[in-house]
Amino acid sequence: MNGPPLLDVDDLRVEFPTPRGSVRAADGVSFRVWPGEIVGLVGESGCGKSVTTLALLRLVRPPGRIASGRIVFQGRDLLTLPAQEMRMLRGSAMAMIFQNPMTALDPVFTVGDQIAEVFESHPQLHTNDVRSAAAAILERVRIPNPKAQLKAYAHQFSGGMAQRAMIGMGMAGKPSLLIADEPTTALDVSVQAQILDLLRAIRTELKTAIILITHDLAITAQLCDRIVVMYAGQVVEASTTRELFRAPQHHYTRGLLDSMPRLGQRRERLAQIPGQPPDLRTLPVGCRFAARCPRAEDRCRVEEPALTSSRDGREVRCHFPLEPR
Amino acid sequence: MSAESVQPALVRELTGRRSSRFRSGDFLVVIAFLLLAVIVLCALIPATLAPHPPNQQEITKRLLPPSWMERGNSAHLLGTDQLGRDLLSRVIHGARISLIVGFSALVISGIIGVTIGLLAGYYRGWLDDWIMRLADVQLAIPYVLLAIAIIAVIGPSNLNVVLVLAVNGWVVYARLARGQTLSLREREFIQAYRALGARDWRIVVQHILPNLLSAVIVVASLELAGIITLESSLSFLGLGIQPPTVSWGYMLADGRTYLLGGAWWVVTFPGLAITATILSINVLADWLRDVLDPRLKI
């Protein structure tokens, strides 16, 4: 965490207009990613994880739009970048892989053709021998017999292989930031572990920073250097993985950790956080987590807490953060 | 029995498919293919195949029945029409115009319609609204009525028939291409390409177009049947192909008055030719769809 951050997201707001008022899917999201680190972005469905990362690539679908904020990547403000330069950035400096690898490959082309496509889109990746370059990519993501697999169609790949191919395509331009949107959710557990190993290896080999979106805390514990916890469109806590698991400061994080099954612990039922996340169209005044929070007091229901950072670099959005135990 | 010889049989049993590309119903496909081959051959070299020139009249031999019937003449296999013209020769010559008109109208309307539909579906917005309302308006007007109106203005000629048929046909492709594009552009692989920095036009041309092409080809083959029928209807109404060019539709129109007089063959054979063409195209279209789908390839 020395030197300037690779990515600095500041007060990002993404809005979707709806017939009943506009919804802020991301509402003042701020976080930073340093070169070569793996950052976990965790939170339950609908908390704004995916929309935040799509905003990083400026791929939020209309009618959704980035309402305000700043995204500084490699010293450049992405929100003021011309569309053409932004396109060149995608797939070269910043790439993204998706949740469902089986649908992330075009069904009518061979895998080799699709990898070749990445080279076509980026002149700086131009090569005279696209086939060898494509095979090299499959080799890098440890697909056996890469030359033969170039001729395979997406449906002939297993989920794990398809995700490897996707990671390979994302890594073709040797990006400095890879965004992985729940890359293992659609895969079974043993394949999941292989993909996580692959991501870790890529970080080591190419010094790529990775933003890993997930709602599985176990994965973040294995893989991430730091964790950013989101709730109802906001960052509620950010800290190193070790600190977060050792001593969470936000009551939401605490609740998430308590609801994880642990080895060697017999319980009738897992703990759960009572209630539901708020409707983003009718947000409560004050803290968004207050209604579900065991520690909530009157102040929490009136005054919205700000994201404050402490001396040790931890950030938390709470009036009454938990003390380290 | 070795393991290798068991496996294909097992695979066949498990997947319910034979390893060959041909599957059940292939008998029909072969018949359709042969039939269409004969029709295409007729269109290519009618003069060689036909026993008589199509417009050669022999008034003494008018309304001869097919040769296998009583009074039939062995020189006129399918009989003759009211002017003593050989029906077999006319049916053979009619194939050319039907196929030329059908295919050119099909290709023109397909290209226009798919392009418009792709743009409307991918870029949405006002372009989409305008194009689709225009399509709705055109769909609200009966097909034949619109064709008659246009022909009435620009006058009947062989080229104008093609234009009218093309104008009639684009809506189907535009709507199909738009609908497919709408669903394809939300698919994850399109998003993945965007996230990898692919250009818009490349996404449309390289990924959306090929993915909707198999649907377009199937619809196009059904449309081809429709276009040939419509061309026949226009010719039947005297607004289509103009004599002396022989067309099946015109033959139908021309011969219908003799139907009541017992000369059923004058309209039956051109009618059969239309039916056979359309039927075989439809069967082949269906087969083509299966072949084009890479997921069904083994």
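**Exercises on chain B**

Of the 298 residues in chain B, 40% are buried, where buried stands for 20 or more other C-beta atoms, placed from the backbone, within 10 Å of the residue's own. The model is a predicted one, in which local features need pLDDT of at least 70 and side-chain atom pairs count only at pLDDT 80 or more, while totals for chains, interfaces and linings use all residues. Residues are numbered from 1 along each chain as its sequence is written, and chains are lettered from A in the order in which they are written.

**Exercise 1.** Determine how many helices and strands chain B has.

*Solution.* Start from the DSSP runs, with at least four residues (H or I) for a helix and at least two (E) for a strand, numbered from the N terminus. Counting them in chain B then yields 11 helices and zero strands.

**Exercise 2.** Identify the elements of chain B that give two or more residues to the side touching chain A.

*Solution.* Take two residues to be in contact if their C-beta atoms, placed from the backbone, lie within 7 Å; by this criterion 16 residues of chain B contact 26 residues of chain A. The elements sought are helix H8 (188-195) and helix H9 (200-236) of chain B, and H8(B) gives the most, with six residues.

**Exercise 3.** Describe how helix H4 (residues 87-123) of chain B packs against H9(B).

*Solution.* Fit axes to the C-alpha atoms over the stretch in contact, and take the angle, from 0 to 180 degrees, between N-to-C directions. The result is an angle of about 140°, with the axes 8 Å apart. Among the residues making the contact are B:Gly102 and B:Gly110 of H4(B), and B:Ala220 of H9(B).

How values were computed
Buried ≥ 20, exposed ≤ 12 C-beta atoms within 10 Å, placed from the backbone.
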